[in-house]
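The following exercises concern the interior, the strand pairing and the backbone of one protein model. Each task is followed by a solution in steps.

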Amino acid sequence: SDPEDAAKLPAVIFLHGAAGNAMSWWQQIPTLSVAHRCITFDSRGFYRSADVTGEGVLRFIDDLEALIEHLRLPRVSLVAQSMGGRAAMAYAVRHPDRVSALVMANT
C-alpha cells in the first residue's frame, strides 16, 4: 500500500510462503493499510523476482535486510507465513532493536 502519508505510518512487511508470492496477502492489505504502510514482495526465485545467482533461500535474509535499508525503514513489523518465517526470524534476531512486532503463521 502507499497512501499519501505512508512514510508517517508504521511499516509492516509481509513475507510469503513457498507456495505463494507478494499477492498472498491481498485479503489483509486493504484493512491493515488504513493504519500501516503495508509492504509485500516476491522472495528471490518466486513469481516476479528472479534468482539470477541460484542462491535462492540462502539469500532471503540478506534480501529482507536490503529491502528495509532501501526503503529507509527505521523499525518494522514482520508478518511471515511458512517459508517467510526463516527470514523474518533471522532478521529479528540480527536486528531486535528494529523490529516492532513479529508474527509467525504456519512457520
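**Exercise 1. The nonpolar cores**

Which residues of the largest nonpolar core touch the most other members?

Solution. The model under study is a predicted one.

Step 1. The largest nonpolar core has 22 residues, and those that touch the most other members are Ile 13, Leu 15, Leu 64, Val 76 and Leu 78.

Step 2. At least two residues of this core come from each of strand 1, helix 2, strand 3 and helix 3.

Step 3. Beyond its neighbours within four places in sequence, Leu 78 is in contact with Ile 13, Leu 15, Leu 64, Ala 88, Tyr 91, Val 99, Ala 101, Leu 102 and Val 103.

Step 4. A second core of 6 residues is separate from this one, and Val 12, Phe 14, Trp 25 and Cys 38 are among its members.

**Exercise 2. Strand 1 and its partners**

Determine how strand 1 is covered and with which strands it pairs.

Solution.

Step 1. Strand 1 spans residues 11-15, and 5 of its 5 residues are buried.

Step 2. One side of the strand carries Ala 11, Ile 13 and Leu 15, the other carries Val 12 and Phe 14, and both faces are covered.

Step 3. With strand 2, residues 37-40, strand 1 pairs in the parallel sense over 4 bridges. Within this pairing, Val 12 stands opposite Cys 38.

Step 4. With strand 3, strand 1 also pairs in the parallel sense, over 5 bridges. Here the bridge partner of Ile 13 is Leu 78.

Step 5. The two residues named in Step 3 can be placed in a core: Val 12 and Cys 38 both belong to the second, separate one. Ile 13 and Leu 78, by contrast, are members of the largest core.

**Exercise 3. Helix 3**

Which residues of helix 3 are buried, and what covers them?

Solution.

Step 1. The buried residues of helix 3 are Gly 84, Gly 85, Ala 87, Ala 88, Ala 90, Tyr 91 and Ala 92.

Step 2. Their cover includes strand 1, helix 2, strand 3 (76-81) and strand 4 (99-105).

Step 3. Two of these buried residues, Ala 88 and Tyr 91, are also contacts of Leu 78.

**Exercise 4. The enclosed space**

How many cavities of 30 Å³ or more are found, and which residues line the largest?

Solution.

Step 1. The count is 1 cavity of 30 Å³ or more, and the largest cavity holds about 50 Å³ of space.

Step 2. Its lining consists of Leu 15, Phe 41, Ser 43, Arg 44, Phe 60, Asp 63, Leu 64, Gly 84 and Ala 87.

Step 3. Helix 2 (60-70) and helix 3 (84-94) are the elements that give two or more residues to this lining. Helix 2 gives the most, with 3 residues.

Step 4. By character, the lining residues of the largest cavity divide into 5 nonpolar, 2 polar and 2 charged.

**Exercise 5. Two loop residues**

Is Ser 43 buried or exposed, and how far is its C-alpha atom from that of Ala 18?

Solution.

Step 1. Ser 43 lies in the loop between strand 2 and helix 2. It counts as buried because its relative accessibility, 6%, is under the 20% cut-off.

Step 2. Ala 18 belongs to the loop between strand 1 and helix 1 (29-32). Although Ala 18 and Ser 43 are 25 residues apart in sequence, their C-alpha atoms are 9.0 Å apart.

Step 3. Not counting residues up to four places away in sequence, Ser 43 touches His 16, Ser 49, Phe 60 and Met 83. With the corresponding exclusion, Ala 18 touches Phe 46 and Met 83.

**Exercise 6. Positive phi values**

What are the phi values of Arg 72 and Ser 82, and how exposed is each residue?

Solution.

Step 1. Most residues other than glycine have a negative phi.

Step 2. Arg 72, in the loop between helix 2 and strand 3, has a positive phi of about 55 degrees. It counts as exposed because its relative accessibility is 74%, over the 50% cut-off.

Step 3. Ser 82, in the loop between strand 3 and helix 3, has a positive phi near 50 degrees. Its relative accessible area is 29%, so Ser 82 is partly exposed.

Technical notes: Residues numbered from 1 in each chain as written. Predicted model: local features only at pLDDT ≥ 70, side-chain atom pairs only at ≥ 80, totals over all residues. Heavy atoms only, no water. 1 Å grid on protein atoms, 1.4 Å probe; cavity = no way out; pocket = protein on both sides within 12 Å on 5 of 7 lines; lining within 4 Å. Points joined across faces, edges and corners; volume = space filled by probe spheres on them. Nonpolar A, V, L, I, M, F, W, Y, C, P; charged D, E, K, R; others polar. Buried < 20%, exposed > 50% of the residue type's maximum accessible area, 1.4 Å probe, protein only. Contact = heavy atoms within 4.5 Å. Pairing = 2+ DSSP bridges. Core = buried A, V, L, I, M, F, W, Y, C linked by side-chain atoms within 4.5 Å.
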